[in-house]
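Biologist: Could you walk me through this protein? I'd like to see what sits inside and what sits on the surface.

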Amino acid sequence: MIELIILGFLSYNDPLTLYDIKKGMERSTEYFASTSQGAIHPALVKLEKNGYIISKEEVKNNRTKKLYRITDSGRERFSILMRQDLGSDKYKSTQLLKMLFFNELTKEERLESINLHIKNFKNMQQDLVNIRDEGNLRLEEMGLSPENHRPAKYENDALAFGLAYTSFVIKWFEDYFIRIEEEL
């Protein structure tokens, strides 16, 4: 998955530093793959070893930066990955795991756990709104819109799904909170 993300970023935003890739992932794909340098750096090394990307060190303001670019074979690899079935999504939720064992918690602890989960999803939802709005503003400044800039259109589609999903989770857990609150 991280290979697909890095090649995708480089195919649209060539060249990038590891820091640029990490920040880009934090703003867009952190919900799909790890955004830690400990996950990204080995993937970059592997991609470069396989000839999918190349790197070049550049000195700017007395700082050395390593810039990564996608190669033609990297573009081919990205195209292949985009056309492959990545398998079914497996929903993983630490909150659902805790819920399996809610019997071990007091009612107050269950309510606190649910409240924290709701808060986290509200924060995630706000992050997605900010990402969408900032992206649309950048497009507008370039005289573009999601409708006439295909990459942005599909990025907004993914954001719309994320917003619908977070809305569903928030509503479900708010209702669940009430059910737990009404327990004897």
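Modeller: Here is a short chat about its cores, one helix, its salt bridges and its surface. Keep in mind that the model is predicted, so local features need pLDDT of at least 70 and side-chain atom pairs count only at pLDDT 80 or more, while totals for chains, interfaces and linings use all residues. Residues are numbered from 1 along each chain as its sequence is written, and side-chain values use heavy atoms, with hydrogens and water left out.

Biologist: Which element gives the largest share of the largest nonpolar core?

Modeller: A nonpolar core is a set of buried Ala, Val, Leu, Ile, Met, Phe, Trp, Tyr and Cys residues joined through side-chain atoms within 4.5 Å. Here the largest one has 22 residues, with Ile6, Leu7, Ile21, Met25, Ile40 and Leu44 making the most contacts inside it. Two or more residues each come from α1 (2-12), α2 (18-28), α3 (37-49), β2 (63-70) and α4 (72-83); these are DSSP runs numbered from the N terminus, helices being H or I with at least four residues and strands E with at least two. The largest share, seven residues, comes from α1.

Biologist: How many residues does the other core have?

Modeller: That core lies apart from the largest one. Among its members are Ile118, Met124, Phe177 and Ile180, and its count is 13 residues.

Biologist: How far apart are the end C-alpha atoms of α3?

Modeller: The expected span of a helix is 1.5 Å times one less than its number of residues. With 13 residues, α3 should therefore span 18 Å, and the value in the model agrees: 18 Å.

Biologist: Which residues of α3 are exposed on the other side from its buried ones?

Modeller: Buried means under 20% relative accessible area, exposed over 50%, and partly exposed in between (1.4 Å probe, protein chains only). In α3, the buried ones are Ile40, Ala43, Leu44 and Leu47. They cover an arc of only 105° around the axis, so they sit on the same side of α3; that arc is taken from the directions from the helix axis to the C-beta atoms. Exposed on the other side are Gly38, Lys46 and Lys49.

Biologist: Is Lys22 buried or exposed?

Modeller: Lys22 and Glu26 lie four residues apart in α2, about one turn of the helix. Their side chains meet in a salt bridge at 2.4 Å, N to O, a salt bridge being a side-chain nitrogen of Lys or Arg within 4 Å of a carboxyl oxygen of Asp or Glu. Glu26 is partly exposed at 24%. Lys22 has a relative accessibility of 17%, so it counts as buried.

Biologist: How many salt bridges does a search of the whole structure find?

Modeller: Helix α7 (residues 150-181) holds Asp157 and Lys153, about one helical turn apart, and they form one at 2.9 Å, N to O. Asp175 and Lys171 form another, also 2.9 Å. The search of the whole structure finds nine.

Biologist: Which residues make the nonpolar surface patch of about 360 Å²?

Modeller: Patch residues have over 30% relative accessible area and no salt bridge; like charges are joined within 9 Å, and nonpolar side chains (Val, Leu, Ile, Met, Phe, Trp, Tyr) within 5 Å. Areas come from the Shrake-Rupley method with a 1.4 Å probe, and for residues only the protein chains shown count as cover. Phe101, in the loop between α5 (94-100) and α6, counts as exposed at 52%. The patch is made by Leu97, Leu100 and Phe101.
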